[in-house]
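Here is a walk through one model, one spot at a time. Keep the viewer open as you read.

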Amino acid sequence: MVFRKPPDGGWGWVIVVVSFFTQFLCYGSPLAVGVLYVEWLDAFGEGKGKTAWVGSLANGIGLLASPVCSICVSSFGARPVAIFSGFMVAGGLMMSSFAPNIYFLYISYGIVVGLGCGLLYTATVTITCHYFDKRRGLALGLISTGSSVGLFIYAALQRELIDLYGLDGCLLIVGALSLNILACGSLMRPLESSDSPPPEKSCVDKVPDQYFVYHEKEKTVEENISILDKGYIDEKCANNMPDYKQDSILNKNVLSSINVNEKDTYKKKVVEQTNFCKQLAKRKWQLYLNYWEETAVLFKNRVFSALFVAILLFDIGGFPPSLLMEDVARSANINEDDYPVPLISIIGIMTAVGKLILGILADFKWVNTLYLYVTTLLMMGVALLAIPFAKSYLTLAMLSGILGFLTGNWSIFPYVTTKTVGIEKLTHAYGILMFFAGLGNSLGPPIVGWFYDWTQEYDTAFYFSGFCVLLGGFLLLLAALPCWNACASQSSKLPPNTYSYKVASSA
């Protein structure tokens, strides 16, 4: 398949619109799962740590399975994957309305919905990158705000649906809304080349294989000569026999000659296929070795190693507020009637604002994107440490807005990764970092919930979250200090293929 040059417009803007609504529809409920989390606590009576696994799986499983999602999109295309994933998300949400216990939700909401969201995220990003080159940053920024807008709207929508139809009715309606992903996916037309159609087959090539009696049974000259010799000897012997015996012997000779040649051909094919499998195994093994060698080289990069620790700690500590903030307000004895806008909605809309503003700042040449990312981590750590001191809706709303804005640093994370490892290693490095981000998303809310189950209050949990984010920020700041470059320049000659860290610190 040959792709045209990205048009940077035209049907590409349709792709941007449908990708925006796809992320809006698939991520709206999982990101606003904090509203459902409170209801599940009352419905099943399980601990906060055990119940938090539902939302953490829904948001983390897609990142954990990002390599599988990429393979699916590469093999089948964005449109089929988007349509299939739409059925997964809608089906998982509807199945969750019939959940008899929390363990059923782990599968229906956590794994099925989470994996569907991961597939849809990969499909939307891939198809958008195919259609845009010069405006790729703008296009990706627009579609990424779909999840944030979905969080803002679905938080209020799910609460209203629960009041009107109950938890089960809410999940059924939200699942039905997710079926609109099928319409969005059907518009994700692949960017194929229409100028060079594949050559048509000749009339002989169009004949099905089963009509060729000697298909793949071509003989060499020596084999044909031996067959003719055998036929001549058999003919001389057959002249002294009756006609019916001659016919039967002739048929047997023809069949036996064909069987002998079939056996020879079969043996040759077995040998060829065995050699092919051996060569393929060697190539695959070499690819695996190269992959792990490249991974080892990445972790020799001081800044990349610190970035890997920072993203893991950031997701362990920074993701729980979006899931647990509603329960934090209820634990502080704040009545739901006292605040008009859900705290999760505030986080969602400020995340969209943060993505846009931080993305714009990253485009300025005088802004060091690595230091900008470190600043957001340190500020988020301080905000998390301040949550235990917030005892009113106003202070919780302000902290929710700050946390949401700082969570928008996801938009500059690809910039930071590129400046750290270079554009040629971006795909490899970004996949590794997203895996650990998904691991942090999956572990963060249950850990915070277990702290509550242990201490019966959220203060210790958010002290732990703030400490994790601050630790990741300080480690990344320490690794990015310019003094390391001065020490490296004074050292002896670097061996070949040793990676320089200058790019990372001067980004």
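## A buried serine in helix 1

S19 comes out as buried, at 0% relative accessibility. Bear in mind that this is a predicted model. You'll find S19 in helix 1, which covers residues 11-31. What does its side chain reach? The side chain of S19 gets to the backbone oxygen of I15, at 2.7 Å.

## Helix 2 and the glycine after it

Next up is helix 2, residues 33-44. Its 12 residues reach 16 Å from the first C-alpha to the last, close to the 16 Å expected at 1.5 Å a residue. The buried residues here are V33, G34, V35, L36, Y37, V38, W40 and L41. Just past the end of helix 2 sits G45, with a positive phi of about 65 degrees.

## One salt bridge

How many salt bridges does the structure hold? The count is 1. The partners are E46 and K50, whose side chains meet at 3.4 Å, N to O. Both ends have some exposure: E46 is partly exposed at 28% relative accessibility, and K50 is partly exposed at 30%.

## Cysteines without a disulfide

If you're wondering about disulfides, a search of the whole structure turns up 0 of them. As a reminder, a disulfide is a covalent bond between the sulfur atoms of two cysteines. Take C69: why is it not bonded to C72? The sulfur in C72 is the closest cysteine sulfur to that of C69, but it lies 6.5 Å away, so the pair is too far apart for a bond. The cut-off for calling a disulfide is 2.5 Å between the sulfurs.

Is C69 buried or exposed? C69 is buried, with a relative accessible area of 0%. C170 also counts as buried, at 0% relative accessibility.

## Two capped helices

Helix 6 takes in residues 102-131, 30 in number. At 1.5 Å a residue, helix 6 should span 44 Å, and its end C-alpha atoms are 42 Å apart, which agrees. At its start, a side-chain oxygen of N101 comes to within 3.1 Å of the backbone nitrogen of Y103.

Now jump to helix 14, residues 369-386. Which residue caps its N-terminal end? That would be N368, with a side-chain oxygen 3.0 Å from the backbone nitrogen of L370. The 18 residues of helix 14 should span 26 Å at 1.5 Å a residue, and the end C-alpha atoms are indeed 26 Å apart. The buried residues of helix 14 include T369, L370, L372, Y373 and V374. Further along, T376, L377, M380, G381, A383 and L384 are buried too.

## A nonpolar patch on the surface

Color F152, I153, V341, I349, V353, L356 and I357, and you'll see a nonpolar patch on the surface. Together these residues have about 490 Å² of accessible area. Helix 7 (136-178) and helix 13 (343-363) are the elements that give two or more residues to the patch. Helix 13 supplies the largest share, with 4 residues.

Where does V341 fit in? V341 is in the loop between helix 12 (320-331) and helix 13. This valine is partly exposed, with a relative accessible area of 33%.

## Far in sequence, paired in space

Back on helix 13, look at M350. M350 is partly exposed, with a relative accessible area of 26%. How far apart are M350 and T407? In sequence they are 57 residues apart, while their C-alpha atoms are 8.6 Å apart in space.

P190 makes another such pair with R79: 111 residues apart in sequence, and 7.4 Å apart in space, C-alpha to C-alpha. P190 is in the loop between helix 8 (180-186) and helix 9 (221-238). At 30% relative accessibility, P190 counts as partly exposed.

## A positive phi in a late loop

One last stop is Q456, in the loop between helix 17 (426-455) and helix 18 (459-479). What is notable about its phi? Phi of Q456 is near 65 degrees, a positive value in a residue other than glycine. Q456 also counts as exposed, at 54% relative accessibility.

Notes
Residues numbered from 1 in each chain as written. Predicted model: local features only at pLDDT ≥ 70, side-chain atom pairs only at ≥ 80, totals over all residues. Heavy atoms only, no water. Expected span 1.5 Å × (residues − 1). Buried < 20%, exposed > 50% of the residue type's maximum accessible area, 1.4 Å probe, protein only. Polar contact = N/O pair within 3.5 Å; in protein donor to acceptor, adjacent residues only side chain to side chain. Patch = residues over 30% accessible without salt bridge, like charges linked within 9 Å, V, L, I, M, F, W, Y side chains within 5 Å. Areas by Shrake-Rupley, 256 points an atom, 1.4 Å probe, with all protein chains shown as cover. Salt bridge = Lys/Arg side-chain N within 4 Å of Asp/Glu carboxyl O.
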